[in-house]
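Please look at the sequence and the structure shown here, and keep both in view while reading. The paragraphs that follow explain selected contacts and surfaces one after another.

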Amino acid sequence: MVDDELFGPWGRILIIVVIALIVIVILLVIACYLIPGCHGYEYIRKRKREAKSVPLCLKGKQNENVKLNDVSYRSWRLGSLYEGSSNGTIDENASPNENSYNSSNAQFGFTDTSSTLNLVQKDKQKTEKKQKEFPTELTISLQYLPPCDETITGKLVIGVEALSGLPPKQYNCTLEPYVTLNITKQSWNHRKRQRLHSFRTRSIRHTASPIFKEAFGVANVSPQEVKEWILDFMAYDHDRYANDTELCSLKVSMKEVKHVLQSPEIHMFNFRMKPSNLEFGNILLGISYLPTAQRLAINVMKVRDVKFTPPASSLNNFNFYVKILMLNGRTGHRIRKKKTKSVIANSQTEFNEILTFDVLYNQLDIVQFLVVLCSKAAPLDIVTSIMDHPSDSEDSLTSIQKSNNIYVGKVALGKGVRGSTERLHWFSILQNPRKLVTVWHVLK
C-alpha cells in the first residue's frame, strides 16, 4: 500500500529494475578485475609487479634482508655505455641473447659461464664518440726587463696567474691542482730536449679554478736567447693516495709572442690547454661479490706494458706491489687499506692474489675502490725528477720524505667513478653476484 501511494501502480516494478541494475554493475566490476585482458585486471597486475621491486635503501632505512638480484639500477646514469638507449639507462626489454656492451671507449664481448664472467676488450672502432671535454684555460703573464747597462742584464718574468675549468678526479674527491713550468730550447729535437729551467707553483686544495698569482724570473738572458725558448706548462692534481694526475698541458713558443721583448710592460695571455690522457700500463682485475657473506673479493691477476714518466731504462730495479684503498665515495676518506706481496717486475708481472673487503648491501652505492700499482725501489732518474719540482704543499713534501716508494698508476672502481669502463665493470659485478668478473683496466 505504501509503494502504491508513493510511486503509483509502477512503483514495485521500478524498485525491482533499480536493484537488478545495481547487481549487474557489481558483477561487471568484479568480472573486470578477474578476467585477464580487462583494464582492472591489468591495473592490479601492474601494481603487484611494482611492489616486487625492492629498493636498496628505502627512505634512509637499512634493508638487511634485500636480495642483490632485486635491486633496481635504473637510476644509474651510465652515459653512452649501451647502444639504443637515448637517456643513458639500461633497456630492460632488450633480448637476453644480446650479450654485448658497447661503450664510447671500447667494445666488450660477454662470455658467461657458471662461475666467471669475462668482459673481453675488442679493437677500438674508428667511429668512436668523443668524450665530454672540459675546456681548461690558463692565464699567464710575461714581462721582459731589458738590460740598462753592462752590469744589469736582461730578465724574463713568467707569471702563472690562474686556471679554470679543470676536469674532475677519477673518483669522488676534491682536486688539489698545481702547475709546473719547464723551459726548453726550440732548436733541440724531441729526444735530446732537456730542461733549461723548471718551476712549480704551490698546490691549492678544494677547487677546480685555482688562482695562483705566482711569478718566476730567469735572469741573464738576451732577447735572442728568449726567442728560442718554449714554455711547457702542465697542470697536475696532487693525489695523497696515489700518483699525481696530469690533467692538461700547454706549449708556448716565445717566437709567437715576441712582441713581449719589445716593451717592458706586463703582457697578459689566456690560452686553452690540451687535455692529457697519459697511460701507464694495464692491470687485470677479477672481482666478485658474495651477497650471503656480504664480502667483495678482488683478485689482482697481472700487469703488463708498464710505463714510467720519465721512461725507465730497465725494470730490474723495480719490485711491484698493488695497494687497494676502500674509500667513502661521498667524502673521499679512506675506510680500509690492503696490499699484495712484492713481486719482481718484468714485462708481464703476475700477482694472482685475492684481497677481500667486507661490504654491506647499503654500502654498494657509496664505496669506491682505488687500485694503485706501486714500486718499492725507484730508479735515481725518477727520484731526481720528483725532487726537481719542489712543492709548497706540506703533504707533497712529507710524502717524499716519508717513503721511497713510487706510485706508477691507478684505476678507480665504483658507481660514481669517471671512467666508463670502470663503471661498466662495477655494474657487471652487482648484476652477476657470486661470479668472477675479469676486466683489463688502464692505469692512469
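D365 and K415 are joined through their side chains by a salt bridge, with 4.0 Å from N to O. This contact connects distant parts of the chain, since D365 belongs to the loop between β20 and β21, while K415 belongs to the loop between β22 (406-414) and α7. The two residues are 50 residues apart. D365 has a relative accessible area of 31% and is therefore partly exposed. K415 is likewise classed as partly exposed, because its relative accessibility is 27%. The model is a predicted one, and a search of the whole structure gives ten salt bridges.

Which residue forms a salt bridge with R205? The partner is E176, and the closest N and O atoms of the pair are 3.7 Å apart. E176 is in the loop between β7 (155-164) and β8 (177-185), and R205 is in the loop between β9 (197-200) and β10 (211-219). The pair thus links parts of the chain that lie 29 residues apart. E176 counts as buried because its relative accessibility is 10%, under the limit of 20%. R205, with a relative accessible area of 46%, is partly exposed.

The loop between β9 and β10 also holds R202, whose partner E214 lies in strand β10, so this pair ties together parts that are twelve residues apart in sequence. The salt bridge between the side chains of R202 and E214 has an N to O distance of 2.8 Å. R202 is partly exposed at 29% relative accessible area, whereas E214 is buried at 14% relative accessibility. Elsewhere, salt bridges link K169, D237 and D239 into a network.

Aromatic rings offer another kind of contact. Two values describe a pair of aromatic rings: the distance of the centres and the angle of the planes. The structure contains six aromatic pairs. One of them is formed by F357 and F369, with 5.2 Å from centre to centre and 65° between the planes, an edge-to-face arrangement. F357 is part of strand β20 (residues 348-358) and F369 is part of strand β21 (residues 367-375), so the pair links distant parts of the chain, twelve residues apart. F357 counts as buried because its relative accessibility is 1%, and F369 counts as buried at 1% relative accessibility.

F369 also pairs with W426: the ring centres are 6.0 Å apart and the planes stand at 40°, so this pair is tilted. W426 lies in helix α7 (residues 420-431), 57 residues apart from F369. W426 is buried, since its relative accessible area is 1%. Through these ring pairs, F357, F369 and W426 are linked into a cluster. In addition, K338 lies over the face of F357, at 5.2 Å from the ring centre.

After helix α7, the loop between α7 and β23 (436-442) contains P433. P433 counts as buried, because its relative accessibility is 13%. P433 and P291 are 142 residues apart in sequence, but their C-alpha atoms are 6.8 Å apart in space.

Finally, the unreviewed UniProt entry annotates residues 12-36 as "transmembrane region". In the model, this span is 92% helix and 0% strand, and its end C-alpha atoms lie 38 Å apart. A nonpolar patch on the surface is made of L14, V18, I22, I26, I30, L34 and I35, which together have about 640 Å² of accessible area. L34, found in helix α2 (residues 11-34), is exposed because its relative accessible area is 61%.

Notes. Residues numbered from 1 in each chain as written. Predicted model: local features only at pLDDT ≥ 70, side-chain atom pairs only at ≥ 80, totals over all residues. Heavy atoms only, no water. UniProt positions renumbered as here; feature names shortened; annotations may be inferred. Helix = DSSP H or I, 4+ residues; strand = E, 2+ residues; numbered from the N terminus. Phe/Tyr/Trp six-rings, centres within 6.5 Å; stacked < 30°, edge-to-face > 60°. Buried < 20%, exposed > 50% of the residue type's maximum accessible area, 1.4 Å probe, protein only. Lys NZ or Arg CZ within 6 Å of the ring centre and 35° of its normal. Patch = residues over 30% accessible without salt bridge, like charges linked within 9 Å, V, L, I, M, F, W, Y side chains within 5 Å. Areas by Shrake-Rupley, 256 points an atom, 1.4 Å probe, with all protein chains shown as cover.
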